Amino acid sequence: MVKHTSIRVLLALTAVQNLELEQLDVKTTFLHGKLEETIYMKQPQGFKVKGDGELVCLLRKSLYGLKQSPRQWNKRFDEFMIKSGFFKKST
């Protein structure tokens with residue numbers, strides 16, 4: 001969660017230095033992670049087809065509730081930031 005004062009400082013710096021600001025939709029962040037593992041899930045109730053037995057779905061992207069979701073999103077975000085010219089500070 002971001003504090004309102006942090007947002008105000010960011011907006012002020014953007015305006016003073018005549019920069020462009022872009023936003024990221026954080027409501028769906030975990031849905032953008034690319035899975036490295038092969039993961040199958042049971043079909044949701046509304047998608048089952050009668051007579052086809054117990055079919056499963058192969059997940060190609062992460063979903064909320066998967067243990068891998070936060071890690072995969074963080075990995076993708078790090079890759080984007082590094083490609084954009086940012087770097088991680090060594091501790």
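**Figure 1. Secondary structure and overall dimensions of the predicted chain.** The chain holds 2 helices and 2 strands, in a model that is predicted. Read from the N terminus, the elements follow the order α-β-β-α. The radius of gyration is 19 Å, well over the 12 Å given by the globule rule for 91 residues, so the chain is more spread out than a compact globule. Along the principal axes, the C-alpha atoms occupy a box of roughly 65 × 30 × 20 Å. Of the 91 residues, 12% are buried. The accessible surface amounts to about 8600 Å², and carbon and sulfur atoms account for 59% of that area. When contacts between residues at least 6 apart in sequence are considered, 59% of them connect residues at least 24 apart. The chain carries 16 positive and 9 negative charges, and the mean positions of the two sets are separated by 5 Å.

**Figure 2. The aromatic pair of helix 2.** The chain contains 1 aromatic pair. The pair is formed by Trp73 and Phe77, with ring centres 5.2 Å apart and planes at 10°, so the two rings are stacked. Both residues belong to helix 2, which covers residues 69-83. Because Trp73 and Phe77 are 4 residues apart in this helix, about one helical turn separates them. Trp73 is partly exposed, with a relative accessibility of 22%. Phe77 is also partly exposed, at 33%.

**Figure 3. Two buried residues in the loop between strand 2 and helix 2.** Ser62 is located in the loop that connects strand 2 to helix 2. With a relative accessibility of 2%, Ser62 is classed as buried. Its contacts beyond four places in sequence are with Phe30, Leu31, Gly33, Leu35 and Ser69. Gln68 is likewise found in the loop between strand 2 (56-61) and helix 2. Because its relative accessibility is 18%, and buried means under 20%, Gln68 counts as buried. Outside its neighbours up to four places away in sequence, Gln68 touches Leu35, Glu37 and Ile39. Leu35 therefore appears among the contacts of Ser62 and among those of Gln68, by the criterion of heavy atoms within 4.5 Å.

**Figure 4. Helix 1 and the loop that follows.** Leu11 is part of helix 1, which spans residues 4-16. The residue is partly exposed, with 45% relative accessibility. Asn18 is placed in the loop between helix 1 and strand 1 (34-42). Its relative accessible area is 70%, and the residue is exposed. The backbone at Asn18 has a positive phi of about 55°, although this residue is not a glycine. For context, most residues other than glycine have a negative phi.

**Figure 5. The strands and the loop between them.** Lys42 lies in strand 1 and is exposed, with a relative accessible area of 63%. The C-alpha atoms of Lys42 and Val56 are 4.7 Å apart in space, while the two residues are 14 apart in sequence. Lys48 occupies the loop between strand 1 and strand 2. The residue is partly exposed, at 39% relative accessible area. Apart from residues up to four places away in sequence, Lys48 touches Gln43 and Glu54.

**Figure 6. Separations between C-alpha atoms across the chain.** Two pairs of residues are shown. Leu11, in helix 1, and Lys48, in the loop between strand 1 and strand 2, are 37 residues apart along the chain, and their C-alpha atoms are separated by 48 Å. Ser84 belongs to the segment after helix 2 and is partly exposed, with a relative accessible area of 41%. Between Ser84 and Gln45, which are 39 residues apart in sequence, the C-alpha to C-alpha distance is 42 Å. These separations may be viewed alongside the box of roughly 65 × 30 × 20 Å filled by the C-alpha atoms.

Definitions and conventions. Residues numbered from 1 in each chain as written. Predicted model: local features only at pLDDT ≥ 70, side-chain atom pairs only at ≥ 80, totals over all residues. Heavy atoms only, no water. Rg over C-alpha atoms; globule rule 2.2 N^0.38 Å. Buried < 20%, exposed > 50% of the residue type's maximum accessible area, 1.4 Å probe, protein only. Areas by Shrake-Rupley, 256 points an atom, 1.4 Å probe, with all protein chains shown as cover. Lys, Arg positive; Asp, Glu negative; His and termini not counted. Charge placed at Lys NZ, Arg CZ, Asp CG, Glu CD. Phe/Tyr/Trp six-rings, centres within 6.5 Å; stacked < 30°, edge-to-face > 60°.
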